[in-house]
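Visitor: I am new to this structure and would like to learn how to read it. Could you take me through it step by step?

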Amino acid sequence: MTSTLNALDVTPLSGRIGAVVSGVTLSGDLSEATLTALEEALYTHKVIFFRGQDHLDDTAHEEFARRLGHPVSHPTVPSADGRYIFELDATKGVRANQWHTDVTFVPAYPKASILRALEIPARGGDTIWANTAAAYNDLPLPLRTLADSLHAVHSNDYDYAERIAHRPSGADAEVAKLYRKVFVSTTFRTEHPVVRVHPVTGERTLLLGNFVQRLAGLPTADSRALIDLFQRYVERPENLVRWRWQVGDVAIWDNRATQHYAVDDYGDQPRVVRRITLDGDVPAGVDGFRSTLLAPAEPPRVPGLVPADELEREGL
């Protein structure tokens, strides 16, 4: 495939992950050539950043997202101002300060996420991304062989926004409690391969993060020890990039080849970001195992489990 990256102004931020793309105004009107170049940059660098996208509102955010794929809503949390917008508002206790890949508690979890910054703390509030393909490549051969053979059960039956350094109080605490209740209103459990094969790049990536409950077929203690062992490779400094947000920034990441962590170091300062996720595929492991929904037995027909376009055809 001929590279289209020379059509963009791309500045890598580290040796293994992250790049800033300059000179592009994100919108639903971008040319096919620009979109192709953006996708190539995404798969090459895993997460790409754009400054100065203040023109985007929820509608324009969604229009741009539709050019990259099919938007999907969160499986349990209602959207904010737009149908496919998922808002993370720190004042409501929504602080994703654990390593995770978005929505891995469903089988066809999102292929990519598009996050824009609306309100940012004066100090702190950075986000860190990790390259899970590089993490897999860092594993010694015996650990790769082991990881290739393992499956993990992922669930939303705990809230990654619950374990936070900053605990809301008063009315904010009640809002956070309600959010937690909504987040687990339907409990999902999905069995994924620990190593998935990326459908575009062919890379092997570690599919872990803090929605993982346990490794299938292993005692609890052994399961936890192995999860922690593999996760340490994900979190190695060589595999990370850290982004200092400004209002109007946009980050797009390959959700099939990354984990991320929102650093909770800003106390009571406001932090509001909004995300749209794009419908993904059912992962396949090295041995051909396909991710499987374990619960609920009959998943509800809600936005987030099927592509947005299919929901619209059915009038949902």
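**Reading the chain, from overview to detail**

Guide: Among contacts in the chain between residues at least 6 apart in sequence, 86% join residues at least 24 apart. Please keep in mind that this is a predicted model, in which the chain has 7 helices and 17 strands.

Visitor: How much of the chain is buried, and what is the accessible surface?

Guide: Of the 316 residues in the chain, 55% are buried, and the accessible surface comes to about 13,100 Å², with 51% of that belonging to carbon and sulfur atoms.

Visitor: How do I read the side chains along a strand?

Guide: In a regular strand the side chains alternate between the two faces of the sheet. Strand 13, covering residues 240-243, is a case to look at: Val 241 and Trp 243 point to one face and are buried, whereas Leu 240 and Arg 242 point to the other face and are not buried.

Visitor: Which sheet does strand 13 belong to, and in what order do its strands lie?

Guide: Strand 13 is part of an open sheet of 3 strands, whose order is 13-7-15 and whose pairing is antiparallel. The edge strands, strand 13 and strand 15 (258-262), each pair on one side only, and the twist from one strand to the next averages 20°. Strand 7 (residues 127-131) is joined to strand 13 by 4 bridges, with Trp 129 standing opposite Val 241, and strand 7 is joined to strand 15 by 5 bridges, where Ile 128 has Tyr 261 as its bridge partner.

Visitor: How should I read a helix, and which residues of helix 2 are buried?

Guide: An α-helix has 3.6 residues a turn, so residues three or four places apart point the same way. In helix 2 (residues 58-68), the buried residues are Asp 58, Ala 60, His 61, Glu 62, Phe 64, Ala 65 and Leu 68. At the start of helix 2, a side-chain oxygen of Asp 57 comes to within 3.2 Å of the backbone nitrogen of Thr 59.

Visitor: What covers the buried residues of helix 2?

Guide: The cover includes helix 1 (32-45), strand 4 (71-72), strand 6 (112-119), strand 14 (250-254) and strand 16 (272-278). Strand 6 is itself largely enclosed by the rest of the structure, because 6 of its 8 residues are buried. Strand 6 pairs in the antiparallel sense with strand 14 over 5 bridges, where Ala 112 stands opposite Asp 254, and with strand 16 over 7 bridges, where Glu 119 stands opposite Val 272.

Note on methods:
Residues are numbered from 1 along each chain as its sequence is written. This is a predicted model: local features need pLDDT of at least 70, side-chain atom pairs count only at pLDDT 80 or more; totals for chains, interfaces and linings use all residues. Side-chain values use heavy atoms; hydrogens and water are left out. Helices (H or I, at least four residues) and strands (E, at least two) are DSSP runs, numbered from the N terminus. Buried means under 20% relative accessible area, exposed over 50%, partly exposed in between (1.4 Å probe, protein chains only). Contact means heavy atoms within 4.5 Å. Accessible areas come from the Shrake-Rupley method with a 1.4 Å probe; for residues, only the protein chains shown count as cover. Two strands pair if DSSP finds at least two bridges between them. Axes are lines fitted to C-alpha atoms, for helices over the stretch in contact, and angles run from 0 to 180 degrees between N-to-C directions. A polar contact is a pair of N or O atoms within 3.5 Å; within protein, one must be able to donate a hydrogen and the other to accept it, and residues adjacent in sequence count only if both atoms are side-chain atoms.
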